[in-house]
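Subject: Structure handover

Hello,

Please find the structure below. My notes on it follow, and they can be read alongside the coordinates.

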Amino acid sequence: MLSSAENGDGSKLLSNGYRYMVQQRRRIGFAGCPPEEVLAPLREQTLIDLDNVIEGVTLRSESALPRTTCRIIQRILDNALALDLDEIVIDVGSGKCDAARGLADVLDGMLRIPVTRTQNDNRVGAGTPISDSGLPVARKLVLILDGLVRPQRLALEPDPNPPAAIWGVPAADFSIYDLFPDGSQVLGWTRCLENRTPADWEMEVSVPDGRPTVFFAQTFCPKNVTAQHLARKHNGLYVDADGVLSQSVKAKIEAFLYFRGARR
Amino acid sequence: MGVLGDFGTTWTKLLNTQSGDRRVLRTKDAKGLVADVATGHNARRRAPRHVNELIALAHGGQRLIDEREFLLLDVGSRDVKYVHMRGCELLAMDWTSTCGALTGFTLELLGSYYGLDYSAIEPSEKSVPVTCGVLGMEQLFELVSQGVSEVEAVARFARGIALNAHRFAGEPKRLYLSGGMCENQLFLHSFPRGVDVTPLGQFVLVEGLIGELEKTAGR
């Protein structure tokens, strides 16, 4: 069998003296929750979740998008413009909003790479062990989001008595999650994301009775309507934030959890 | 026993629970001052124990108001917040630092600029739509340029703040008021007719820290 050695120029030198160019892994950015059958083969490439904060990315979306665009859509565009990608896969199914569908067209117009649109209507749940576990909420979110790139295989026990819950989409400012006691349940679209059923409306609006729940939506996100409606229905707290959480929003969440006896 | 502090945007309120001494000083003059328990916009790094302002407001109300159910509105120099309590249950609350931004601060500023005695100004029937202090001030100067007297323009501005704060709190028929605006007679009389406003003064949040101090001492 031939042995090989890496060269600095991206080629491999085989023991028989021939040099072969190594196939570079393609850089593929994705947004939302594309179907598993689309994501799975892409994991052999370098897969980047464009919804997440990526260090060093400069903000250029402001001039390209209306000011009433939510931070997550802005972030997807900022990341897409900065990362020198080979392809973008963006879910535009009923689990996403019109802004995401519009953004797919914006990306198509601004970048010279393929923009693949998917429709994730999956209803076969992968389960929600992370959302229901006793872990700190910020850790849960990291695991759920990382799970799209690297599927998690953790043996997690559900918290038998979650002290509180947070409903919504993953927040642009993760400091919101530090306000919750460990084991607080993750509900809403984030839960659907872990379950790989982003268009499962029934799961998204399902809220356990009697659990102190904060209903969060990104400012300018259409989910604000549902967040406020559910907060009224379930005697919870509705908050919205545009990017970084203000002190007043943090104080409202703290006070709500305090007076509802949710601090452990 | 110890020192409790509400380190607000403009004013710092201090209570020494041992001597009973109460002090109000400008926050800019309170540099380096520390307390045992603190609340307020500038409270972090001022005390080993920090209590969030909404919690301090609710606890202050529980100490000072002899009713099981109350709505307590705090109009500060930077923001507006309220809690609606029934016993230990929080029925509603909110805190805005955008729509009510800098309204109290602006009223104070206008008072010193025009040299006004707010206790001598009659409330106005009209109001300036005050969404934030800066925008409100722009409208106020517009009125002055149209020939409205400074006193009337400021009275409309005060009424605008009162209406805005009342709406923000859910338009209650009866409310308790906290914060520096309690001492502003013009503001107190600018709420809609029929609304029962009881001013509690500037020390409501500080009073709300007493329980936390006692808890800390018991540890």
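Which residue in strand 2 of chain B is the bridge partner of B:L4? The partner is B:L15. Before the rest, some ground rules. This is a predicted model, in which local features need pLDDT of at least 70 and side-chain atom pairs count only at pLDDT 80 or more, while totals for chains, interfaces and linings use all residues. Residues are numbered from 1 along each chain as its sequence is written, and chains are lettered from A and ligands numbered from 1 in the order in which they are written.

Chain B

Chain B has seven helices and ten strands; helices (H or I, at least four residues) and strands (E, at least two) are DSSP runs, numbered from the N terminus. The pair B:L4 and B:L15 belongs to the match of strand 1 (residues 3–7) with strand 2 (residues 11–16) of chain B, which is antiparallel over five bridges. Two strands count as paired if DSSP finds at least two bridges between them.

An open sheet of five strands in chain B has the order 3-2-1-4-5, and its pairing is mixed. Strand 3 (22–26) and strand 5 (49–50) of chain B are at the edges with a single partner strand each, so one side of each has no neighbour in the sheet. Strands of a sheet pair through backbone hydrogen bonds, either parallel or antiparallel.

For overall dimensions, the C-alpha atoms of chain B fill a box of roughly 60 × 40 × 30 Å along the principal axes. The radius of gyration of chain B is 18 Å, which agrees with the value near 17 Å for a compact globule of 219 residues. This radius is taken over C-alpha atoms, and the globule rule is 2.2 Å times the number of residues to the power 0.38. Of the 219 residues in chain B, 47% are buried. A residue is buried if 20 or more other C-beta atoms lie within 10 Å of its own, exposed if 12 or fewer, and partly exposed in between, with C-beta atoms placed from the backbone. Among the contacts in chain B with a separation of 6 or more, 64% are between residues 24 or more positions apart. Contact here means that the C-beta atoms of two residues, placed from the backbone, lie within 7 Å.

One loop residue of chain B has a backbone angle to check. B:E171 has a positive phi of about 55° although it is not a glycine. Most residues other than glycine have a negative phi, and most peptide bonds are trans. B:E171 lies in the loop between helix 4 (150–168) and strand 9 (174–178) of chain B, and it is exposed, with 11 other C-beta atoms within 10 Å.

Chain A

Strand 6 (residues 87–91) of chain A is mostly covered, with four of its five residues buried. Strand 6 pairs in the parallel sense with strand 4 (residues 27–31) of chain A over four bridges, where A:I28 has A:E87 as its bridge partner. Strand 6 is also joined by four bridges to strand 7 (residues 115–118) of chain A, again running parallel; there A:I90 is matched with A:R117.

Four strands of chain A form an open, parallel sheet in the order 9-8-10-11. Its edge strands are strand 9 (185–187) and strand 11 (237–241), each pairing on one side only. Within it, strand 8 (residues 165–168) and strand 10 (residues 213–218) of chain A are parallel over four bridges, and A:W167 has A:F215 as its bridge partner.

A:F220 is in the loop between strand 10 and helix 7 (223–233) of chain A. Its phi is near 80°, a positive value in a residue other than glycine. A:F220 counts as partly exposed, with 18 C-beta neighbours inside 10 Å. A:F220 is among the residues that A:T69 touches, together with A:Q74 and A:A99, not counting residues up to four places away in sequence. A:T69 sits in the loop between strand 5 (46–49) and helix 2 (71–82) of chain A and is partly exposed, with 19 other C-beta atoms within 10 Å.

Between the chains

The contact takes eight residues from chain A and ten residues from chain B.

Regards
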